[in-house]
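Q: I am new to this protein and would like to learn how to read it. Could we take it one feature at a time?

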Amino acid sequence: MPASDPAAALRVLPPGAQPRSAAARAYNLQLTRIDKLRSQLAELDALGQQHRMALHSAVEPLRRRLASEQRGLALALDAHLQGKLLSRVQADTARTVLCQLARVLAEAGDAGMRELHDRHSLRTLAQLKQDAADALRQRLEAVLGEPLDDDGQDMSAEQLLRAGMERLRRAQDDSRAARREAAQARRARKKPGASAHEAEQQDADTLLRRLFRQLASALHPDRETDPHARLHKTALMSEANAAYERRDLVALLQIQTRAELADPEAVRQLPDARLASLTLLLKAQVAELERERAGRQAALAAEFDVPEGVSPNANTLLQNRIDQTRELEDALAQLARDRAQVDDPARLKRWLNAWRDAR
């Protein structure tokens with residue numbers, strides 16, 4: 001096997017031959033799937049980082065220009081509102097446009113625009129933010145069917161979302177626990193004697209626990225007198241704890257190999273019954289990696305506003321950058337046209353009337 005294959009040393013491949021049994025082939029298949037899924041996860045991470053860097057280079061300058069032009073338009077409208085050029089209705093429209101622009105900029109961190117918004121708006125940004133939080137609280141409590149357990153304290157929209165998601169997570173955990181208990185009760189009512197699958201699962205759990213205990217015994221840093229060796233064992237033990245926590249058989253076997261605690265030929269001499277138990281662990285690991293892949297794909301799609309049903313990949317993210325660039329350029333062009341009309345008193349009133357009529 002090529003050296004780039006991280007699970008090569010774990011495969012059941014007798015010298016010069018393919019695996020000799022269905023159990024060995026099934027075991028090797030799951031190792032191959034784990035390698036592929038881990039490679040895909042690494043590719044998704046790299047893809048996300050590359051796209052962030054490309055966005056920063058191509059899109060951020062346009063966003064800064066857009067914010068500058070929006071600020072200039074808001075200040076121009078503020079200057080007109082200081083005079084007597086506009087009618088009452090036109091002044092109200094100008095304030096509406098100004099407050100929309102100032103709110104966007106203030107929420108991005110522009111303190112001057114926050115002050116400008118609050119000077120022209122009937123409700124301050126802080127009050128508007130609290131209004132949104134109160135509305136969100138009502139929606140969350142309607143979904144949960146009970147009040148949020150926060151002692152009535154004022155919470156931001158972000159804090160409310162976290163609290164609501166935590167409550168939903170606890171409810172889901174309780175539901176899963178109830179289903180597990182029901183399944184255990186159904187199994188307990190069955191005739192004595194475990195099924196072949198249950199026996200394999202029990203054997204798999206025993207093997208995983210035994211492997212971890214062997215590693216913990218051999219790698220315990222307190223038993224090592226050499227400082228450098230102690231640091232090495234501490235790092236390996238930390239990896240082993242994390243791997244055991246997530247039931248990562250491949251990682252535990254690789255740690256065993258790295259620590260020179262395993263016979264490279266041992267895995268090739270395992271009986272089929274033992275391989276079947278190990279394959280159960282690998283299948284569970286494959287399922288977890290598939291869930292992790294789906295989660296990272298969903299996170300990338302949400303972060304970069306990829307349309308629903310479209311998978312984030314190099315092509316779709318490139319199109320995402322092209323679309324964002326085009327939208328920003330169009331917005332800049334529109335702002336330039338708006339600013340030209342706002343700066344011309346003869347055209348300003350027509351612009352405000354058209355803005356009000358359009359909305």
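Q: Where is Glu-303 placed?
A: To place a residue, look for the element that holds it. This model is predicted, and in it Glu-303 belongs to helix H10, which spans residues 272-303.

Q: Is Glu-303 buried, partly exposed or exposed?
A: Relative accessibility decides this. The value for Glu-303 is 41%, so the residue counts as partly exposed.

Q: How far apart are Glu-303 and Arg-52 in sequence and in space?
A: The two distances are read separately. Along the sequence, 251 residues separate Glu-303 and Arg-52, while their C-alpha atoms lie 9.9 Å apart. The side chains of Glu-303 and Arg-52 are joined by a polar contact of 2.8 Å.

Q: How many salt bridges are found in the whole structure?
A: Start with the general idea. Side chains of opposite charge can pair when their charged atoms come close. Searching the whole structure gives 18 salt bridges.

Q: Which residue forms a salt bridge with Asp-78?
A: The partner is Arg-119, and the closest N and O atoms of the pair are 3.3 Å apart. This pair connects distant parts of the chain: Asp-78 sits in helix H2 (residues 60-82) and Arg-119 in helix H4 (residues 111-120), with their positions 41 residues apart.

Q: Are Asp-78 and Arg-119 buried or exposed?
A: Take each partner by itself. Asp-78 has 12% relative accessibility and therefore counts as buried. Arg-119 has a relative accessible area of 44%, so it is partly exposed.

Q: What separates Arg-103 and Glu-107 along helix H3?
A: In a helix, a separation in sequence can be read as turns. Arg-103 and Glu-107 are 4 residues apart in helix H3 (residues 88-107), which means about one helical turn lies between them. Their side chains meet in a salt bridge, with an N to O distance of 3.2 Å. Arg-103 is partly exposed at 31%, whereas Glu-107 counts as exposed at 57%.

Q: What is the N to O distance in the salt bridge of Arg-356 and Asp-357?
A: For this pair the distance is 3.9 Å. Arg-356 has 34% relative accessibility and counts as partly exposed; Asp-357, with 61%, counts as exposed.

Q: Which residues do salt bridges with shared partners join into one network?
A: A network is read by following the shared partners. Here Arg-38, Arg-246 and Asp-248 are joined in this way.

Q: Which residues form a nonpolar patch on the surface?
A: A patch is read as a group, with its area taken together. Val-143, Met-165 and Leu-168 make up this one, and their combined accessible area is about 290 Å². Val-143 is located in helix H5 (residues 125-144). Its relative accessibility is 64%, so Val-143 counts as exposed.

Q: Which residues does Gln-70 touch, not counting those up to four places away in sequence?
A: With those neighbours left out, Gln-70 touches Leu-101, Leu-105 and Leu-335. Gln-70 is part of helix H2. With a relative accessible area of 16%, Gln-70 is buried, because buried means under 20%.

Q: What pLDDT does the protein average?
A: This value is read for the protein and then for single stretches. The average is 83, and 84% of the residues score at least 70. Over residues 1-6 the pLDDT is below 50, and this stretch has 8 contacts in the model beyond near neighbours in sequence.

Methods: Residues are numbered from 1 along each chain as its sequence is written. This is a predicted model: local features need pLDDT of at least 70, side-chain atom pairs count only at pLDDT 80 or more; totals for chains, interfaces and linings use all residues. Side-chain values use heavy atoms; hydrogens and water are left out. A salt bridge is a side-chain nitrogen of Lys or Arg within 4 Å of a carboxyl oxygen of Asp or Glu. Helices (H or I, at least four residues) and strands (E, at least two) are DSSP runs, numbered from the N terminus. Buried means under 20% relative accessible area, exposed over 50%, partly exposed in between (1.4 Å probe, protein chains only). Patches are made of residues with over 30% relative accessible area and no salt bridge: like charges are joined within 9 Å, nonpolar side chains (Val, Leu, Ile, Met, Phe, Trp, Tyr) within 5 Å. Accessible areas come from the Shrake-Rupley method with a 1.4 Å probe; for residues, only the protein chains shown count as cover. Contact means heavy atoms within 4.5 Å. A polar contact is a pair of N or O atoms within 3.5 Å; within protein, one must be able to donate a hydrogen and the other to accept it, and residues adjacent in sequence count only if both atoms are side-chain atoms. pLDDT is the predictor's confidence in each residue, from 0 to 100.
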